[in-house]
Amino acid sequence: MLINMKQLLEVAKEHTFAVGAFNVADSNFLRVVVEEAEKNNSPAIIAVHPTELEFTKDDFFSYVLNRIKNSHVPFVLHLDHGGNVADIMRAIRVGFSSVMIDGSLLPLEDNIKLTKEIVEISHPLGVSVEGELGTIGNTGTSVEGGVSEVIYTRPEDAKEFVESTGVDTLAVAIGTCHGIYPKDMEPKLRMDILQAIKQEVDIPLVLHGGSANPDEEIAEAVRIGIQKVNISSDYKYAFYKKCREILAATELWDPNAIYPECIDAAKEVVKYKMNLFNSQDKADLYRDEKVLAWRNELL
């Protein structure tokens, strides 16, 4: 079932759970996310960074869309960290149901202008839009980038941003970083900032850099009001750690001999995250008449 992000996260917001957005860069990772979502009866988001879209090429998404449209659980196909109008238009043309425009490094006024432009392009096509306010840190281990020092989202700016742009979801900066944290770096999420933002805006909120954060902090953020958590490094790391173990101990070269254990290792992480986000067995919530009508609009 393919729906857009607004439709997906409105249900999550109503029922106090979050949906994992798992970055996918090839068919192995698509299998990991889709098969584990179906096994756990959990909604999920197929997230694709512009660099991942460039690597996989447009034709790959014909297969992706065919797979998820025919699934019994709800999926969103989402562009992660689109940087400009060209990124957005490419994703929409390929068939994405949701896009993110990342103007977080721009001055607030320019971020509002850019995000509003993307909303005006996307909404008439049934495509939802995620914006970002504040900056996500960078551990140096992720293609998604970030900055050396987090700039926390100001609640009053969040209110102005949402009201001025009409954006559907908002990624907020409360202390996370992209990538795997080094051993000497301890993340600390600012729940007080998240609480204050929740008092100012009423749209679903997004947590980027969700890998490698303490479980208790992520669970608390979901209880407070995060509806989408981005995961990339955690489950990719598990996949390639197992891959390195196999290749270091054998002379195998056939993908069908190497990858099954890697896929299983990544699935364990995805399952763990779905449990942490409380999204397991929530797919049934999307089978009422309203959600099925949404689905039919996007087919």
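**Briefing: a buried helix face and the salt bridges**

At 5% relative accessibility, Glu52 counts as buried, because the cut-off for a buried residue is under 20% relative accessible area. The structure discussed here is a predicted model. Glu52 takes part in a salt bridge with Lys236, and the structure holds 17 salt bridges. The points below first treat this pair, then other salt bridges, and finally helix α7.

**The pair Glu52 and Lys236**

- The closest N and O atoms of Glu52 and Lys236 are 2.6 Å apart.
- Glu52 belongs to helix α3 (residues 50-56), whereas Lys236 belongs to helix α10 (residues 233-249), so their salt bridge ties together parts that are 184 residues apart in sequence.
- Lys236 has a relative accessible area of 17% and is therefore buried.
- Glu52 is likewise buried, at 5% relative accessibility.

**A salt bridge within helix α10**

- Glu245 and Lys242 form a salt bridge through their side chains, with an N to O distance of 3.2 Å.
- These two residues, Glu245 and Lys242, are three residues apart in helix α10, which means that about one helical turn separates them.
- Glu245 counts as partly exposed, with a relative accessibility of 39%.
- Lys242 also counts as partly exposed, with a relative accessibility of 25%.

**Arg287 and Asp284, and a network**

- A further salt bridge joins the side chains of Arg287 and Asp284, at 2.0 Å from N to O.
- Arg287 is partly exposed, its relative accessible area being 33%.
- Asp284 is partly exposed as well, its relative accessible area being 46%.
- Elsewhere, Glu54, Lys57, Asp58, Arg90 and Arg93 are joined into one network by salt bridges that share partners.

**The buried side of helix α7**

- Helix α7 spans residues 155-165, and its buried residues are Pro155, Asp157, Ala158, Phe161, Val162 and Thr165.
- Around the helix axis these residues cover an arc of only 150°, so they lie on the same side of α7.
- The elements that cover the buried residues of α7 include the helices α6 (108-122) and α8 (191-200), together with the strands β5 (128-133) and β7 (169-172).
- After α7 comes Gly166, which has a positive phi, near 75°.

Terms used. Residues numbered from 1 in each chain as written. Predicted model: local features only at pLDDT ≥ 70, side-chain atom pairs only at ≥ 80, totals over all residues. Heavy atoms only, no water. Buried < 20%, exposed > 50% of the residue type's maximum accessible area, 1.4 Å probe, protein only. Helix = DSSP H or I, 4+ residues; strand = E, 2+ residues; numbered from the N terminus. Arc of directions from axis to C-beta. Contact = heavy atoms within 4.5 Å. Salt bridge = Lys/Arg side-chain N within 4 Å of Asp/Glu carboxyl O.
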